[in-house]
Amino acid sequence: EVCVLRQTAVLTGLVAARDKCKCEVHKAEARLEKQGVRPQGRLRVCGPRVDLLSHYGPMLQDLNAQVRQERRRVREAVAEVHERLSTDLACSPSAGINDIFAHCALVTFSSRRQAEMARELVYSADHAIWLASSPPEPSAMRWPALVWEPVWSMTSQVVGATIVVGLLLAFMPLCTLITSSARTVDAGPLQPLWAAFAPTIGLQIMMGILPTLLLMIFRWLYTLKSDSEAQHELQVWYFVFQLIFVILVTVVGNSLATSIKEISEKPFSIFGTLATEMPTATHFYMNYIILDWTAHAVALLRIANLMKFISFRFLFEEEEAREMAEPEDQDYHGMGARYGRSAICMVICIVFSTLSPLVAPLTLINFAILRLVYGHLIVVAETRKPDLGGIFWVTQLKHVQVGTLIYCALMIGLLSARAPNAWPVVIAAPTLPLLLVGIIRFDQAFDWKRLPFDELLAMEASSGGVFPSRPAPGDEVYVQPELLEEAFDQTDDSDRWWARPAATTE
């Protein structure tokens, strides 16, 4: 079964406006049911008070009619193109094909074997003409991004990557300013406690804001197929930011660009710089890990979801209020940010546990708390999140390998600076190229995204070999959601609360 994506920019905007208006009507109806009085409100900050049901009710009827009309127009345009193609298979794009159909399609196969074979076929000599990949779950798809033209998609992604690099270069002065400001504050009797934790708190706050900034860039400028892919991009870049501005902050100094220039001019100076700067910061990282414990405890409270639930409960039933309070903030508490933070904590343990052995038990306690907290949140409290088949885990393993690489470079620098002779360095130096070889092999030798064909055949034999060609009732389908008919579209609104005239008073 093939589903070619339609150009539905107008319909998508109408559906979004209709859903927003429907939400406002639902809130107004809930207030009317709770308070017994037709709700009044301002549409603008300084605007006049209006009857919300009388305002949003007719608007909802009008938007619902426009949605039905636009859906009908799309269906008629598709039928017209099909009719032209049935009579002339060589009709030009001017026949309306490009006006209604996008360049992307979703194909559902009856068996896993056929899907794997179709994905691996070479369809043209130019690999940029035909691209085949496995789609994410329908509920996680970012449908508007799939219909972007390739040229605009590439241009937008280049702009997004440029902004991320600019943010990377500008982030260090801000972190340095926060650290300097924290050291100049006099907390009186609490000064020893403030001096120990204030720089760490400032860095934690900045790292808490960073996921929101990065996700805004990825969602607006990167043409990603799903929100899960946006979370994976966040995991990669969030780790890069933390690696530079948390672990290597003493090495980088006040300017990332200056540090890159110095290392490019004298590459082997990195060993001496690591050995000189990093051992002096072990207490900072112990404080950082201890503060991470409190972050897990705050995540367990789910304060934002609790506040939303309490506010919604005044208007809606308890079960409906609970559903409206979900999910949690996907910027700081999403899969990408969580994997990035846990990976950087593991890297801190790898890099600094030899310099300060107390780092290792503190990290062990941190991961025990993390297992307890997120084992409960993910399984019991939070809603299910779409996954990408293990890419978060594999990326996390690569991040740990990067931490091991830094550890080897640090130990080589320390042995070079402090050993009585050159033999310890000679013994330790080969670990660096061996580790690089292992990292390259891990990235290229193992194919974890696809099943080997013999395992695929064995899996088909054990399951009967054939997948249902049609989805069962209630299953998700690969169809643009704005094209699906909803029960709401067919309801009669004449007897709704907001369709009745408002009572007037003399």
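Modeller: A helix here is a DSSP run of H or I with at least four residues, numbered from the N terminus. The model is predicted. Met 216 lies in helix α7, which spans residues 191–221.

Biologist: Why is Met 216 called partly exposed?

Modeller: Its relative accessible area is 34%. Buried requires under 20% and exposed over 50%, so Met 216, at 34%, falls in between and is partly exposed.

Biologist: What makes Met 216 eligible for a surface patch?

Modeller: A patch residue must have over 30% relative accessible area and no salt bridge. The 34% of Met 216 passes the area cut-off. Met 216 forms a nonpolar patch with Ile 205, Ile 209, Leu 213 and Trp 220, and together these residues have about 500 Å² of accessible area.

Biologist: How do you know that Glu 70 and Arg 73 form a salt bridge?

Modeller: The closest N and O atoms are 2.8 Å apart. The cut-off is 4 Å, so the pair qualifies as a salt bridge. By this rule the count comes to 13 salt bridges. Glu 70 and Arg 73 are three residues apart in helix α2 (residues 52–87), which means that about one helical turn separates them.

Biologist: What are the burial classes of Glu 70 and Arg 73, and why?

Modeller: Glu 70 has a relative accessible area of 12%, under the 20% limit, and is therefore buried. Arg 73 has 41%, between the two limits, and is therefore partly exposed.

Biologist: What makes the pair of Arg 384 and Glu 137 a salt bridge?

Modeller: The N to O distance is 2.8 Å, within the 4 Å cut-off. The pair links distant parts of the chain, 247 residues apart: Arg 384 is in the loop between α16 and α17, and Glu 137 is in the loop between α4 and α5. Arg 384, at 64%, is over the 50% limit and therefore exposed. Glu 137 has 22% relative accessibility and so counts as partly exposed.

Biologist: How do you know that Arg 338 and Glu 382 meet in a salt bridge?

Modeller: Their N to O distance is 2.6 Å, again within 4 Å. Arg 338 is in helix α15 and Glu 382 in the loop between α16 and α17, 44 residues apart. Both residues are buried.

Biologist: Which residues lie nearest the centre of the second largest pocket?

Modeller: Arg 338 is one of them, with Tyr 339, Ser 342, Leu 370 and Ile 378. The pocket has a volume of about 620 Å³ and is lined by 29 residues. Helix α15 gives the most to this lining, with eight residues.

Terms used:
Residues numbered from 1 in each chain as written. Predicted model: local features only at pLDDT ≥ 70, side-chain atom pairs only at ≥ 80, totals over all residues. Heavy atoms only, no water. 1 Å grid on protein atoms, 1.4 Å probe; cavity = no way out; pocket = protein on both sides within 12 Å on 5 of 7 lines; lining within 4 Å. Points joined across faces, edges and corners; volume = space filled by probe spheres on them. Helix = DSSP H or I, 4+ residues; strand = E, 2+ residues; numbered from the N terminus. Patch = residues over 30% accessible without salt bridge, like charges linked within 9 Å, V, L, I, M, F, W, Y side chains within 5 Å. Areas by Shrake-Rupley, 256 points an atom, 1.4 Å probe, with all protein chains shown as cover. Salt bridge = Lys/Arg side-chain N within 4 Å of Asp/Glu carboxyl O. Buried < 20%, exposed > 50% of the residue type's maximum accessible area, 1.4 Å probe, protein only.
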